[in-house]
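Dear colleague,

Here is the structure I said I would pass on. My notes on it follow below.

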Amino acid sequence: NRIGGQRLGNAVWQGVALDRLIDLVKPTPDARFVSTVAIDGFRATIPLDLFAEEGFGGWIVLAMNGSALTPAHGGPLRFLVPGLYGQYNGAKW
């Protein structure tokens, strides 16, 4: 769907919160980004400092609407950060 397009969709995503994973990983003090790489080589990064902002959230998504994530929706898992687009949009597959 192009920006301003007519399509609209809703989904219930299930997965692991990125801030929980970051807490487990314990990045070094000089770390600046969370980086993802898709199987096709697409790379996406998110500035690590965004995770400190109130209300910011992201997920490693494993399921959509109660079912395992399909390849058409980025399965078997995808990186999803609501509200971020373009260069920050998460890697799929």
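**Lys-26 and the other backbone points**

Lys-26 counts as exposed, because its relative accessibility is 63% and the cut-off for exposed is over 50%. Please bear in mind throughout that this is a predicted model. Lys-26 sits in the loop that joins helix 1 to strand 2. Its phi is positive, near 55 degrees, and the residue is not a glycine.

Asn-65 is another non-glycine residue with a positive phi, in this case about 55 degrees. Asn-65 belongs to the loop between strand 4 (59–64) and strand 5. With a relative accessibility of 48%, Asn-65 is classed as partly exposed.

There is also a cis peptide bond to check, running from Gly-75 to Pro-76, with omega near 15 degrees. Pro-76 is in the loop between strand 5 (67–68) and strand 6 (78–80).

**Overall layout**

The protein is built from one helix and six strands. Along the sequence, these elements come in the pattern β-α-β-β-β-β-β. Of the 93 residues in the protein, 30% are buried. Among contacts with a separation of 6 or more, 53% are between residues 24 or more positions apart. The exposed area of the protein is about 6,900 Å², and 57% of that comes from carbon and sulfur atoms.

**Nonpolar patch**

Val-16, Leu-21, Leu-24, Val-25, Leu-62 and Leu-77 form a nonpolar patch on the surface, of about 530 Å². The element that gives the most to this patch is helix 1 (residues 18–25), with three residues. Leu-21, one of the patch residues, is placed in helix 1. Leu-21 is partly exposed, at 31% relative accessibility; a residue can join a patch only if its relative accessible area is over 30%.

**A buried threonine**

Where does Thr-36 lie? Thr-36 is part of strand 2 (residues 33–37). Its relative accessible area is 11%, so Thr-36 counts as buried, the limit being under 20%. Leaving aside residues up to four places away in sequence, Thr-36 touches Phe-42, Arg-43, Ala-44, Phe-79 and Ala-91. Of these contacts, Phe-79 falls within the range of strand 6 (78–80).

When you open the model, I suggest looking at the cis bond from Gly-75 to Pro-76 and at the positive phi values of Lys-26 and Asn-65.

Best regards

Note on methods. Residues are numbered from 1 along each chain as its sequence is written. This is a predicted model: local features need pLDDT of at least 70, side-chain atom pairs count only at pLDDT 80 or more; totals for chains, interfaces and linings use all residues. Side-chain values use heavy atoms; hydrogens and water are left out. Patches are made of residues with over 30% relative accessible area and no salt bridge: like charges are joined within 9 Å, nonpolar side chains (Val, Leu, Ile, Met, Phe, Trp, Tyr) within 5 Å. Accessible areas come from the Shrake-Rupley method with a 1.4 Å probe; for residues, only the protein chains shown count as cover. A salt bridge is a side-chain nitrogen of Lys or Arg within 4 Å of a carboxyl oxygen of Asp or Glu. Helices (H or I, at least four residues) and strands (E, at least two) are DSSP runs, numbered from the N terminus. Buried means under 20% relative accessible area, exposed over 50%, partly exposed in between (1.4 Å probe, protein chains only). Contact means heavy atoms within 4.5 Å.
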